[in-house]
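Here is a short tour of a model made of two chains. Take a look at it first, and then we can walk through how the parts meet and what each of them looks like.

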Amino acid sequence: MMPLWVTVPLIVVAGVLVTGLLAYVIDRSNHA
Amino acid sequence: MIDFLSNTSHIHLLLNHVPTTAFTVALALFVIALFTGSETLKKTGFAMFFVIAAVSIATYTSGSAAEAWLRGAGTASALPAHVLSDVIREHEDAALWATVLMAVTGFFSWLALWQSKTVRKLPSWSVPLVLVLALLSFAAMSRTAYLGGHINHVEIRPDVVAVHKACEAILDEATKRPGSIPDAPEGCPWQSAVDEVAKATGTPPPHTSTARALGDFVIGHTWMWPTLETLHFVGLSLLFTTVLIVNLRLLGMIKVVPYAAVYQLLPIGMLGFAINLVTGMLFFVGIPSQYNANPVFYWKIVFVLLAGLNTTYFMLADDAWRARAGQSAPPRARVAAASAIFIWLAVLYCGHMLPFIGNAF
């Protein structure tokens, strides 16, 4: 079991990256 | 009126017609739009899907509150005799999936509306995707409504109806030929059928509820709540920053930037809202009792609904687009912008005050 201070930032960063990727894809699709 | 509004069962019974009946109308309009090629009707369909998705959030949360209302308060709280807990759990599970599908439909409908203002032609996948999602949502919501009806209407529950019909057949036979059936019943009240079904099934194993399993997962892992809180804060930051930039521009700040430019940022705000919807729903299924008897949570949901309507204005009206570089926005767009900032601040305030004015934590 990973310590809390590792688990929380890891998942938060993953969530932010997924959101960023979606924002990028939406922006690209708008300029296609 | 206050009595009516504080009765959460009333609210749920009112709201549950929106994702079912209103959604059927929206779906019909959307299909007609596809056949006739009417752009206005298509946009109406998208907008209705989006607004109904927002109302679905309130419908889901009010359902949990309706259950709490039905059980009553205190340690001796219990469901009425004809209501089985398992029937509620089955309805809740169906509602969870239906609400998720509806939210995804709402997101892509909003995206299509947003894009229809910026591109000449929507991407080829946009309309088919929304249509498939809407059909899936319709099926899931119809099933949810069907199961929801079973909670208080014993006369439509298949197991109860079967027992009731069997009783009526015996009663009919005994009436036709008196004395032919010695222990014939004198009547067939529905409660007898409910009792018989309950007796026949004995104590059923607890229904494996997805919603409850999800809730247990949220509260059963120490990393879940802080992770969700942090993500909720990230979502809030994305959402509120976008709200401020777009609406402050309409109110007269950074006039050098045309509205068309800040409009491009809206999906970032919507993605922020999506993060908060997912994390918020997980908080809710984690500990529903923190929210379903919390007046501040009610207000939060009311403001989320108003925010949905406010967003629809920007998707449909063209007023704001008159704010080109260096130009002011027309008065109606400014009123919409000011109300957007106020509404989102109210959502933030209610969310933050859940434990302080309300009873969360």
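Let's start where the chains touch. The contact draws 14 residues from chain A and 16 residues from chain B, where two residues are in contact if their C-beta atoms, placed from the backbone, lie within 7 Å. On the chain A side of that contact there are nine nonpolar, five polar and no charged residues. For these classes, Ala, Val, Leu, Ile, Met, Phe, Trp, Tyr, Cys and Pro count as nonpolar, Asp, Glu, Lys and Arg as charged, and the others, Gly among them, as polar.

Before going further, a word on what you are looking at. This is a predicted model, in which local features need pLDDT of at least 70 and side-chain atom pairs count only at pLDDT 80 or more, while totals for chains, interfaces and linings use all residues. Residues are numbered from 1 along each chain as its sequence is written, and chains are lettered from A and ligands numbered from 1 in the order in which they are written.

Here are the two chains next to each other. Helices (H or I, at least four residues) and strands (E, at least two) are DSSP runs, numbered from the N terminus. A residue is buried if 20 or more other C-beta atoms lie within 10 Å of its own, exposed if 12 or fewer, and partly exposed in between, with C-beta atoms placed from the backbone.

| Chain | Helices and strands | C-alpha extent along principal axes | Buried residues |
|---|---|---|---|
| Chain A | one helix, zero strands | about 45 × 10 × 5 Å | 3% of 32 residues |
| Chain B | 15 helices, zero strands | roughly 95 × 50 × 40 Å | 37% of 361 residues |

Back to the meeting point: which helix of chain B does helix H1 of chain A cross? H1 (residues 4-31) of chain A and H12 (residues 266-286) of chain B have axes that come within 10 Å and cross at roughly 145°. Those axes are lines fitted to C-alpha atoms, for helices over the stretch in contact, and angles run from 0 to 180 degrees between N-to-C directions. From H1(A), Gly15(A), Thr19(A), Leu22(A), Ala23(A) and Ile26(A) meet Pro267(B), Ile268(B), Leu271(B) and Ile275(B) of H12(B). Sorted by class, this helix pair brings together seven nonpolar, two polar and no charged residues.

Now for chain B on its own. Its domains are domain 1 (1-152), domain 2 (153-205) and domain 3 (209-361), with bounds that come from an automatic or database domain assignment. Taken over C-alpha atoms, the centres of domain 2 and domain 3 of chain B are 52 Å apart. Of the contacts in chain B with a separation of 6 or more, 78% join residues 24 or more positions apart.

One helix worth a closer look is H2 (residues 8-15) of chain B, where Thr8(B), Ile11(B), His12(B) and Leu15(B) are buried. Looking down the axis of H2(B), its buried residues fall within an arc of 95°, so they line one face of the helix; the arc is that of the directions from the helix axis to the C-beta atoms. Their cover includes helices H1 (2-6), H3 (18-36), H4 (39-71) and H13 (289-292) of chain B.

A few single residues round things off. Ser6(B) sits in helix H1 of chain B and counts as exposed because it has 12 C-beta neighbours inside 10 Å. Ser6(B) and Gly37(B) lie 31 residues apart in sequence and 44 Å apart in space, C-alpha to C-alpha. Ile32(B), in helix H3 of chain B, has 14 C-beta neighbours inside 10 Å, so it counts as partly exposed.

Finally, Ile254(B) is in the loop between helix H10 (224-250) and helix H11 (259-263) of chain B. Ile254(B) has a positive phi of about 35° although it is not a glycine. Most residues other than glycine have a negative phi.
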